[in-house]
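The following exercises concern salt bridges and strand pairing. Each task is followed by a worked solution.

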Amino acid sequence: MARILVTGGLGFIGSHTVVELINAGHEPIIVDNLSNANVDVLNGIEAITGKRPLFEKVDLKIKEEVEQLFNRHTDLDGIIHFAAYKAVGESVAKPLEYYENNLGSLVYLLQNLRDHGLDNFIFSSSCTVYGEAEELPITENSPVQPAMSPYGNTKQIGEEVIKDAIAAHQFNAISLRYFNPIGAHPSAEIGESPLGVPLNLVPYVTQTAAGVREQLSVFGNDYDTRDGTNERDYIHVVDIAKAHVIAVERLVNRKNLDKYEYFNLGTGTGSTVLEVIQSFERVSNSKLNYKIVARRSGDVTAAYADTTKANQILGWKAEKNLDDAMADAWRWEKKIRNLD
Ligand code: WQD
């Protein structure tokens, strides 16, 4: 049993990871400032696991709050760091707030890790570090390209901060580079709850089907793909969560081969926007109202993972497919909208 601090633990991927940590017999401690999450998520976690983890409301960009947090929890076996602002478009409008929040919180966490002699840091990174990859599928050796947004830059810089901190101090870390996390827990007790108008595709699809949104806009169908729409590697959030448990156990049990390891988390399969819509229509037995509009700036044509490293070294492989994720996302949407 390991005591794991989970920052952003009431968020989309964080809450699903807390569930899988409990399922694996560990003791997660949730840290969240509720800037993009609802404390009621704790009820969902308890409904699934029968356990209500300790929740600490802390703003990690306030140095004193982070120091007080670590003075309360000096016996941690590991940290999984999800807490960050993650809206690509918003980061273009508010770069300084993104650097302050995403990098400030990371530095304060690492300083406390060092000062308390703690170890085993898991960083929530993103496939955006690869930008418009020259080769597909994307491996961990694919070149990190200039970030397409300040958000993506905070992930790239974050990985560099961790690398330099490890070179100077004694701790171990793993960066997990997610492709496109989607779906919800099959129980429909927790899921994705974007605040305001969703920026990501799948919540916009389910909100359109639920009547919350009028119509889905498909951002361009003139790309060089099999049907002209962008291709992404959509991975079920529960598969992502399970990878975090494996990664933190790898460090706690000293199985890591290097002090700093990186892994892509994807299914290895690309799906176009139209294929996501077709998947939704199949699992919901409905027709989605959508139209093709102009391209969205900043979109890469295609991105999907080479999952060999995570499969062979982490011993992790995505178990769920696109239809599973769309069915779980739709069940969650219907639950929170009190439909059928
Ligand atoms: C997917 C595809 C859009 C909305 C982003 C972040 C990435 C990660 C995942 C945090 C694209 C199309 C979308 C819509 C559409 N987040 N689309 N209509 O941009 O691949 O990745 O979210 O880590 O860092 O960059 O995801 O869901 O926004 O878009 O046609 O209303 O769906 O053009 O092709 P993206 P997305």
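How many salt bridges does the structure hold? This predicted model contains 21 salt bridges.

**Exercise 1.** Characterise the salt bridge formed by R3 with E27.

*Solution.* Step 1: the closest N and O atoms of R3 and E27 are 2.6 Å apart, and a salt bridge requires the nitrogen to be within 4 Å of the carboxyl oxygen. Step 2: R3 belongs to strand β1 (residues 3–7) and E27 to strand β2 (residues 27–32), so the pair ties together parts that are 24 residues apart in sequence. Step 3: R3 has a relative accessible area of 17% and is buried, whereas E27, with 32%, is partly exposed. Step 4: a network of salt bridges links R3, E27 and D75.

**Exercise 2.** Locate the partners in the salt bridge between D323 and R282, and state their exposure.

*Solution.* Step 1: the side chains of D323 and R282 meet at 2.8 Å, N to O. Step 2: D323 is in helix α11 and R282 in helix α9 (residues 273–284), 41 residues apart, so that distant parts of the chain are linked. Step 3: D323 is partly exposed, at 24% relative accessible area, while R282 is exposed, at 53%.

**Exercise 3.** Describe the open sheet that includes β9.

*Solution.* Step 1: the sheet has 3 strands in the order β12-β9-β14, with mixed pairing. Step 2: β12 (271–272) and β14 (302–303) are the edge strands, each pairing on one side only. Step 3: β9 (residues 231–232) pairs with β12 in the antiparallel sense over 2 bridges. Step 4: T272 in β12 is the bridge partner of E231.

Notes:
Residues numbered from 1 in each chain as written. Predicted model: local features only at pLDDT ≥ 70, side-chain atom pairs only at ≥ 80, totals over all residues. Heavy atoms only, no water. Pairing = 2+ DSSP bridges. Helix = DSSP H or I, 4+ residues; strand = E, 2+ residues; numbered from the N terminus. Buried < 20%, exposed > 50% of the residue type's maximum accessible area, 1.4 Å probe, protein only.
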